[in-house]
Amino acid sequence: MKQLTLSTVLTNRVPNGGQSQRKPAAHTYLDKRVTKSQRENKRTRSQRARERLRTKEHLAQLAVGLGEVELAHKIERCHSRLSVLTCGRHIARIIPNFTCEFRLCPDCSRRRSRRLQNKYLPAMSAFMLHNKVTPVHLVLTQTHRKENRKQSAKRIKDSFTRLQRRGFWKQHFKGGTWSLEFTKDKNGLHHTHLHIIGFRRKFFDIELLRGEWLAVTGDSHVIHLKRIEDIATGLQEVVKYVSKPLDIRRFGSDDLREFLGLKNMRMFGTFGEFRDFCKDFEPSDNDADGGDLESLVRDLVEGCACPKCNQPLFDLRMSGKQLPQFYEQVESSPPDKVGTSWN
Ligand SMILES: [Zn+2]
Ligand SMILES: [Zn+2]
């Protein structure tokens, strides 16, 4: 089915006047993203911790540049002092002195995505048990227009609302979750994607869904669908995108300013029958941002047995800047050597 409208052809044209790379280019783009996220998972914890520190420094500098001194201060304070529960060979818990809760803060988005996982994974498992559905990861994309992130997000969410009203969608999907992802490509163009975990009632030809998406957007046909083999991994993959663009270190002042304007925008939600199911499943359901730090750390305290080796945990105090080095020490320490130089 190749019903490309004129605007599709125009908006898909390569800006430098190169040859048309319509569908393959879009798919290559998505595939690269997947490879990139796999590569990121391969990095050691110390490397990732170092990266988070650099990202936060970068964000704080941008905030200062915009005159957002208070925000910069909060980002700098966030995770600046840590209480690390460790047996010397494993790190069981890290308790920060302060969390800034800024959406782009890499430390805070990690915690937020853990909270979302803790909250929705049990509901998803139960929903799948009660219904004969197959989970799929669906990525909906849209063509570029001259618009800011807010307008772009509204456009894709509105299209998704229209999609859900259509017979085809209702017939094939029993609900799920959606999350927004913002990225920028190497030409500086903004992409807004919707990542959906959909509970599929029955198999369908992807080309039919492509046609439905084209019908509600008027000009967008690039979608990506894969079956989720393991729902825990699938959910983890999707919540990672929530308000956390992978290109954050290439953020400029304008990007940050624009992002600050999105303050109250919802980035994650449920839809369809899964939405109602979640309400019943967890009546005390409050917004994803309302989770508290306590619940993450209350199980383990100093003196408890390390979950990995049963040795007693002790409480190491360190600055956030020392954490990557400590990870390194833990990663390279021989099995019987306990790191005591940190007290
Ligand atoms: Zn933070
Ligand atoms: Zn241990």
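**Exercise 1. Work out which arrangement the 4 donor atoms form around the zinc ion (ligand 2).**

Start with the angles: the 4 donor atoms around the zinc ion (ligand 2) subtend 101 to 116°. Keep in mind that we're working with a predicted model here. Four donors count as tetrahedral if all angles lie between 85 and 135 degrees, so this arrangement is tetrahedral.

Next, put names to the donors. They are C87 (SG), H90 (ND1), C306 (SG) and C309 (SG), at 2.1 to 2.3 Å from the ion. Along the chain they follow the pattern C-x2-H-x215-C-x2-C. Finally, check one of them for accessibility: C306 comes out at 2%, so it counts as buried.

**Exercise 2. Do the same for the zinc ion (ligand 1): find its donors and its geometry.**

Coordination comes from C78 (SG), C100 (SG), C105 (SG) and C108 (SG), at 2.2 to 2.3 Å. The angles at this ion run from 105 to 113°, so it's tetrahedral. For a yardstick, four tetrahedral donors ideally give 109.5 degrees.

In sequence, the donor residues of ligand 1 are spaced C-x21-C-x4-C-x2-C. Two of the cysteines can be checked for burial: C100 has 7% relative accessibility and is buried, and C108 is buried too, with 1%.

**Exercise 3. Place E331 and find what it touches.**

First, locate E331: it's in helix 13, residues 323–332. Its relative accessible area is 38%, so call it partly exposed. Now compare sequence with space: E331 and H90 are 241 residues apart in the chain, yet their C-alpha atoms are 8.5 Å apart.

Then list the contacts. Setting aside neighbours within four places in sequence, E331 is in contact with T44, R45 and S46. With S46 there's a polar contact, side chain to side chain, at 3.0 Å.

**Exercise 4. Sort three salt bridges by where their partners sit.**

The whole structure holds 19 salt bridges. Take E273 and R201, whose closest N and O atoms are 3.3 Å apart. This pair links distant parts of the chain: E273 is in helix 11 (272–281), while R201 is in the loop between strand 5 and helix 8, 72 residues away.

Now try R210 and E207, at 3.2 Å. Both lie in helix 8, 3 residues apart, about one turn. R210 is buried at 10%, whereas E207 is partly exposed at 25%.

Last, D276 and K279 meet at 3.8 Å, N to O. They're both in helix 11, again 3 residues apart.

Methods: Residues numbered from 1 in each chain as written. Chains lettered and ligands numbered in written order. Predicted model: local features only at pLDDT ≥ 70, side-chain atom pairs only at ≥ 80, totals over all residues. Heavy atoms only, no water. Donors = N, O, S within 2.8 Å, 3.2 Å for Na, K, Ca; no water. Tetrahedral: all angles 85-135°; square planar, octahedral: opposite > 155°, others 65-115°. Buried < 20%, exposed > 50% of the residue type's maximum accessible area, 1.4 Å probe, protein only. Helix = DSSP H or I, 4+ residues; strand = E, 2+ residues; numbered from the N terminus. Contact = heavy atoms within 4.5 Å. Polar contact = N/O pair within 3.5 Å; in protein donor to acceptor, adjacent residues only side chain to side chain. Salt bridge = Lys/Arg side-chain N within 4 Å of Asp/Glu carboxyl O.
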